[in-house]
Amino acid sequence: MSDEDRTTYLLIDGENLDATLGVGILERRPRPEERPRWERVLSFARAEWDQPVKGLFFLAARHDLPMSFVQALMSIGFRPVPLTGRPDEKIVDIAISRTLQALKDRPADVMLASHDGDFLPDLAELCDGRRTGVIAFQEFRSSGYRELVERGLEFFDLEYDVEAFDTRLPRIRIIPIEEFDPLEFL
């Protein structure tokens, strides 16, 4: 496979991102208009590395399939991966980990949208010259990923880099001085 034929696999840890948005940022369940615009995440991945993207959206569907959400994901180009398992299993994490391991033998690049440090060993294996990235809210991303930066891992903030939201979220972050706008604080 030549570089022109490379694909980016975009793996979305839907549970993790939704929980972080709700518990960590909004301190309540997100309303539909406050959730990420998933088509923007796909577009960002495609534009950032200038190659085709295969989006896999992992979600727990223990008893019911959220059909309207699944259909919406499919209509924008994601392949939903609805999972079930025992109540004591972290089914989404297991599936993402297995997918990262399976990608080791493929000439593909990987963007993982999650804050979860459980994927660190699997993602470290993929930092072998291919492009790898983590999309997350930077202040909630596992600090363990920093050790992979020297091996090529890139970070993308879901709100500021990807621009996945329609409105500004109530986040506290370190502000680069060139981005500082005093009017946001007055």
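Leaving out its neighbours within four places in sequence, Leu 10 is in contact (heavy atoms within 4.5 Å) with Val 41, Leu 42, Ala 45, Val 53, Lys 54, Gly 55, Leu 56, Phe 78, Met 111 and Ile 135. Please keep in mind that this is a predicted model, in which local features need pLDDT of at least 70 and side-chain atom pairs count only at pLDDT 80 or more, while totals for chains, interfaces and linings use all residues. Residues are numbered from 1 along each chain as its sequence is written, and side-chain values use heavy atoms, with hydrogens and water left out.

Leu 10 lies in strand β1, residues 8-13, where six of the six residues are buried, meaning under 20% relative accessible area with a 1.4 Å probe and protein chains only; strands here are DSSP runs of E, at least two residues, and helices are runs of H or I, at least four, numbered from the N terminus. Thr 8, Leu 10 and Ile 12 are buried on one side of β1, and Tyr 9, Leu 11 and Asp 13 on the other.

Turning to the pairing, which requires at least two DSSP bridges between two strands, β1 runs parallel to β2, residues 53-60, with six bridges joining them, and Leu 10 stands opposite Gly 55 there. Five bridges join β1 to β4, residues 109-113, also in parallel, with Val 110 as the bridge partner of Tyr 9.

Finally, the largest nonpolar core, a set of buried Ala, Val, Leu, Ile, Met, Phe, Trp, Tyr and Cys residues joined through side-chain atoms within 4.5 Å, has 27 residues, of which Leu 10, Ile 12, Val 41, Ile 135 and Leu 158 touch the most other members. Helix α2, residues 38-49, is among the elements that give two or more residues to this core, and α2 gives the most, with six.

Terms used
Buried < 20%, exposed > 50% of the residue type's maximum accessible area, 1.4 Å probe, protein only.
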